[in-house]
Amino acid sequence: MLQKDPVARAAYNATYYDAHKAQRAAYNADYYVAHKEQRVAYVAAWRAANKGVDRENATARMSKWRAQHPVRSAALGAASNANRAASKYGVSGLLVADDIERLWNEQPTCHACGAEVLGIDHIVAMANGGANTPDNLQTMCPPCNAKKGTTPCS
Ligand SMILES: [Zn+2]
């Protein structure tokens, strides 16, 4: 029987979902409009009842997660900073945390001083048109990076 076979059931659902896409979208849109006041009231009531709670929880959860995942957290921050700078300098490339973690696994020490720190450096500085891509990255501690500035490294 169709309903008792999970694979057949999933395939049937996927087909049904696609076949009724427009109908579902229209139904959802109608429902949204018809229940607008209820939804607004529900959200307002929830916010009033949970005032301040959610934000604190989110901040506390984030701090806890960062403490438990220092490398991932540093990689996310480094990728985010690099992507912001790439946008500022108008250079190509987009880094994700995985790119940074891979670099740190391959080159665990600072390219300049050998210290074991989590930092990245664009070999050709983005200020000089260097790409924001993994092949233009090396591990470098913040003090060495500050010293290097935008001078290309050997
Ligand atoms: Zn260094």
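This report walks through a predicted model of a single chain, from its overall outline down to one residue in its core.

## Overall outline

Let's start with the whole chain. Its secondary structure comes to seven helices and two strands. Reading from the N terminus, the order is α-α-α-α-α-α-β-β-α.

The chain is 154 residues long, and a compact globule of that length would have a radius of gyration near 15 Å, whereas this chain has 25 Å. Along the principal axes, its C-alpha atoms fill a box of roughly 65 × 45 × 35 Å. As for burial, 16% of the 154 residues count as buried. Among contacts with a separation of 6 or more, 55% are between residues 24 or more positions apart.

## Two domains

The domain assignment divides the chain into domain 1, residues 2–49, and domain 2, residues 70–148. Measuring tape in mind, you can picture the centres of the two domains, taken over C-alpha atoms, as separated by 43 Å.

## Helices α1 and α3

Two helices are good places to begin looking. Helix α1 covers residues 6–19. Its 14 residues reach 20 Å from the first C-alpha to the last, close to the 20 Å expected at 1.5 Å a residue. None of these 14 residues is buried, so α1 lies largely in the open.

Helix α3 covers residues 36–49. It has 14 residues, which at 1.5 Å a residue should span 20 Å, and its end C-alpha atoms are indeed 20 Å apart. The number of buried residues in α3 is zero, so this helix also lies largely in the open.

## Helix α6 and its two sides

Now turn to helix α6, residues 97–106, where Asp99, Ile100, Leu103 and Trp104 are buried. Seen down the axis of α6, the buried residues fall within an arc of 130°, so they line one face of the helix. A general point about helices helps here: an α-helix has 3.6 residues a turn, so residues three or four places apart point the same way.

What covers the buried residues of α6? The cover includes helix α5 (70–89) and the strands β1 (120–122) and β2 (137–139). On the other side of α6, Asp98, Asn105 and Glu106 are exposed.

## The nonpolar core

The largest nonpolar core has 18 residues. Those with the most contacts inside this core are Ala78, Ala79, Ala82, Ile100, Leu103 and Ile120. The elements that give two or more residues to the core are α5 and α6, and the largest share, five residues, comes from α5.

Ala79 shows how parts of the chain meet here. Leaving out residues up to four places away in sequence, Ala79 touches Leu95, Val96, Ala97, Asp99 and Ile100. Two of these names, Asp99 and Ile100, also appear among the buried residues of α6.

## A closer look at Ala82

Ala82 lies in helix α5. Is this residue buried or exposed? Ala82 has 23 C-beta neighbours inside 10 Å, and a residue is buried at 20 or more, so Ala82 counts as buried.

Which residues does Ala82 contact, leaving aside neighbours within four places in sequence? They are Leu95, Ile120 and Asn132. Of these, Ile120 is also listed with Ala82 among the residues with the most contacts inside the core. Another pairing worth finding in the structure is Ala82 with Met126: they are 44 residues apart in sequence, and their C-alpha atoms are 9.0 Å apart in space.

Conventions
Residues are numbered from 1 along each chain as its sequence is written. This is a predicted model: local features need pLDDT of at least 70, side-chain atom pairs count only at pLDDT 80 or more; totals for chains, interfaces and linings use all residues. Domain bounds come from an automatic or database domain assignment. A residue is buried if 20 or more other C-beta atoms lie within 10 Å of its own, exposed if 12 or fewer, and partly exposed in between; C-beta atoms are placed from the backbone. Helices (H or I, at least four residues) and strands (E, at least two) are DSSP runs, numbered from the N terminus. The arc is that of the directions from the helix axis to the C-beta atoms. Two residues are in contact if their C-beta atoms, placed from the backbone, lie within 7 Å. A nonpolar core is a set of buried Ala, Val, Leu, Ile, Met, Phe, Trp, Tyr and Cys residues joined through C-beta atoms within 7 Å. The radius of gyration is taken over C-alpha atoms; the globule rule is 2.2 Å times the number of residues to the power 0.38. The expected span of a helix is 1.5 Å times one less than its number of residues.
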